[in-house]
Amino acid sequence: MTVVVNLLQRQIEHRATLVCENRNKGLPVGIGKAGFEPVTNGVKFIFSHYKLDSSHCDYAVPVARIQWEDASSHWVLSVPDEADNNIWIPYPYLERSVDLTALIREIEKDPKSFFWS
């Protein structure tokens, strides 16, 4: 089981790296930068904001989290609650999927302007 979890973690981290690289490509720092950090069985995506005259991050906010849920054998996409960034709630448009690509695509393309605005 540990090997499966490690493979899933490497897979999600690799996909998160590609999402962030694609989103940041060619964008000025003033627009903000996408990033991520590993969490248990998944990743948390972060949007870093910069002052217009600085290359140093002014502040960063969590925007999405994807985690593998053993009980359902699904990937789960959640977003921070507006009132408290430490509370995660289901993403209203695509909460879970067995297909990691669907969730990654939702974050990367952001069709509802939910994550990166």
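Let me start with Asn24, which sits in helix 1, the helix that covers residues 2-24. Please keep in mind, as we go along, that this is a predicted model. Asn24 has a relative accessible area of 18%, and because the cut-off for buried is anything under 20%, Asn24 counts as buried. If we set aside the neighbours within four places in sequence, Asn24 is in contact with Gly32, Lys33 and Ala34.

Staying in helix 1, let us turn to Ala16, which is placed there too. Is Ala16 buried or exposed? Its relative accessibility is 0%, so Ala16 counts as buried. Again leaving out the neighbours within four places in sequence, the residues in contact with Ala16 are Phe36, Val43 and Phe45. Take Phe45 from that list: Ala16 and Phe45 are 29 residues apart in sequence, and from C-alpha to C-alpha they are 7.8 Å apart in space.

Now to the cysteines, and to a question you may well have: how many disulfides does the count come to? The count comes to zero. To see why, recall that a disulfide is a covalent bond between the sulfur atoms of two cysteines. For a pair to be counted here, the two sulfur atoms must lie within 2.5 Å. The cysteine sulfur closest to that of Cys20 belongs to Cys57, and it is 13 Å away, which is too far for a bond. Looking from the other side, the closest cysteine sulfur to Cys57 is the one in Cys20, at 13 Å, so a bond is ruled out by distance there as well. As for their surroundings, Cys20 counts as buried at 6% relative accessibility, whereas Cys57, at 39%, counts as partly exposed.

Key:
Residues are numbered from 1 along each chain as its sequence is written. This is a predicted model: local features need pLDDT of at least 70, side-chain atom pairs count only at pLDDT 80 or more; totals for chains, interfaces and linings use all residues. Side-chain values use heavy atoms; hydrogens and water are left out. Buried means under 20% relative accessible area, exposed over 50%, partly exposed in between (1.4 Å probe, protein chains only). Helices (H or I, at least four residues) and strands (E, at least two) are DSSP runs, numbered from the N terminus. Contact means heavy atoms within 4.5 Å.
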